[in-house]
Structures are given as structure tokens and as C-alpha cells.
Amino acid sequence: MHFLSPVLENYIQSNSEDEPKILQELTRETHLKILRPRMLTGHFQGRVLSMLSKIIAPKNILEIGTYTGYSAICLAEGMQPDGQLHTIDINEELQDIQRKYFDKSGYGSQISQHTGDAKSIIPKLDITFDLVFIDAEKKDYPEYFELVLEKTRPGSVILSDNVLWSGKVVEPVDKKDKVTPILLNYNKILKEDKRVETVLLPVRDGLTLTRVL
Ligand SMILES: C[S@@+](CC[C@H](N)C(=O)[O-])C[C@H]1O[C@@H](n2cnc3c(N)ncnc32)[C@H](O)[C@@H]1O
């Protein structure tokens, strides 16, 4: 869904940083070879993630939901020179394309791929993360949030994607729709939880910026 007119979206994108060539290539290969290419973050939000990561300058980054690796590479752009990015995806068929582009990006040795359910992998990571990007199974967002909060410190930033769910969060909820009520609840949790402070940005499908207190 477009929250802004396509003309305005084009203007915003053309007055933001250009999309690096490697990410253009990854987008093309994802569209040609992988199912559901719309899941990929894309040019504008990718540059937002890159910019946020550069401002935060994280040493350790956690990503939940790698897909073909687009957002991981964007986040890695801001990582400290000795930083590490851990990214988790349940779909093992995506491992080869992820590794190909992680290596091409120059961040290959600093990116660890984890394959499996994020809910069982996160508790096993003995790392404090400075930046977390949540972008996997929407129904599990509240659980991811609790699990990652355990792995952060005051000042860590947690980003959550798709929190506007194509605008469905402000429309009457269809009885068969199981996801929108969960995201409505998730957005309320982030707003009310006294352990964090949150702003919801209208970037692409909604991107929440949450700072741990
Ligand atoms: C929206 S895509 C991620 C897109 C990616 N962050 C990007 O911007 O290019 C969501 C991914 O989450 C993965 N996923 C779904 N459930 C998961 C789970 N329980 N644990 C880990 N990954 C999961 C899917 O396999 C899918 O690749």
C-alpha cells in the first residue's frame, strides 16, 4: 500500500541516498528466483535502515527475518569495524543467496546466519545487542520483543517493520484476519511499556523505532 502519492514517494526517494549497486543486483535476483519478492525491504526503507545504523554505530546487531539479506546488508553498513551482525531465518533454502550477497557486500566475515525459529534461537545468543530489527512472523512480534529485550541494554534500539500492516491498523478488522489484532496489540504494548520509549514512523509499511530505557 502507498501511504503517500507515488509522485511524492518518487520525490522522497530521488532526494535520498541512491541504492547501492549490490542491492540493486540482489533485488533483481530475488525477483527472478525467490518466492514473495515483495518481502524485501527495498530502496527507500533500506537507506533509512542504513542511516539509522550509521547514526547508532552498533557493535552487535540482531536481525529477525533475513529473507534474501537486503536489510541485513543495509544494517551492516553502519556497524562498527569490529562489529557482528546475527541474522535469523526459518527458511534454510535462502541460505545460499544470503551468503552470496553477504560475501559480495564485503561484510561476509561479520555476518552470522542462523537457521531456525527465532523464538528458540534468540535465547541461546549470549550477546548484548545495540540494534535489533524485527521483520519475521507478525504473530510472534510480542514474543520477539520480550526475548530481544533480554538481550539489550539501556540505549539499545529495536526497530519493528510492517507495524501499519497496509493501513489495516486503522480500519475495521475483518473477523478472519488474525494478524491485524496482533499488530494492534503490539503497537499498544510498545507505546505503553515503561521499559522503552517509542515512535512509529510512516516509513513504507510502518517502522517503529523503540529505545530501551
Ligand atoms: C519480510 S521477510 C524479511 C525481509 C528482510 N528483512 C528484508 O528486508 O529483506 C520475513 C522472513 O522471516 C522469516 N521467518 C518467518 N517466521 C520466522 C521465524 N519464526 N523465525 C525466523 N524467521 C522467520 C521468513 O522465512 C522470511 O524470510
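Among the contacts in the protein chain (heavy atoms within 4.5 Å) that join residues at least 6 apart in sequence, 70% link residues at least 24 apart. The model is a predicted one, in which local features need pLDDT of at least 70 and side-chain atom pairs count only at pLDDT 80 or more, while totals for chains, interfaces and linings use all residues. Residues are numbered from 1 along each chain as its sequence is written, and side-chain values use heavy atoms, with hydrogens and water left out.

The secondary structure of the protein chain consists of eight helices and seven strands, taken as DSSP runs (H or I, at least four residues, for helices; E, at least two, for strands) numbered from the N terminus. Along its principal axes, the C-alpha trace spans about 45 × 45 × 30 Å.

Of the 213 residues, 50% are buried, that is, under 20% relative accessible area with a 1.4 Å probe, protein chains only. The largest nonpolar core (buried Ala, Val, Leu, Ile, Met, Phe, Trp, Tyr and Cys residues joined through side-chain atoms within 4.5 Å) holds 29 residues, of which Leu85, Leu159 and Leu207 touch the most other members. Elements that each supply at least two residues of this core include helix 2 (21-33), helix 3 (43-56), strand 4 (131-134) and strand 5 (157-161), whereas the largest share, six residues, comes from helix 4. A second, separate core of 23 residues includes Ala118, Val148, Val196 and Val212. When residues up to four places away in sequence are not counted, the residues touched by Leu207 include Val48, Leu52, Phe133, Leu159 and Val199.
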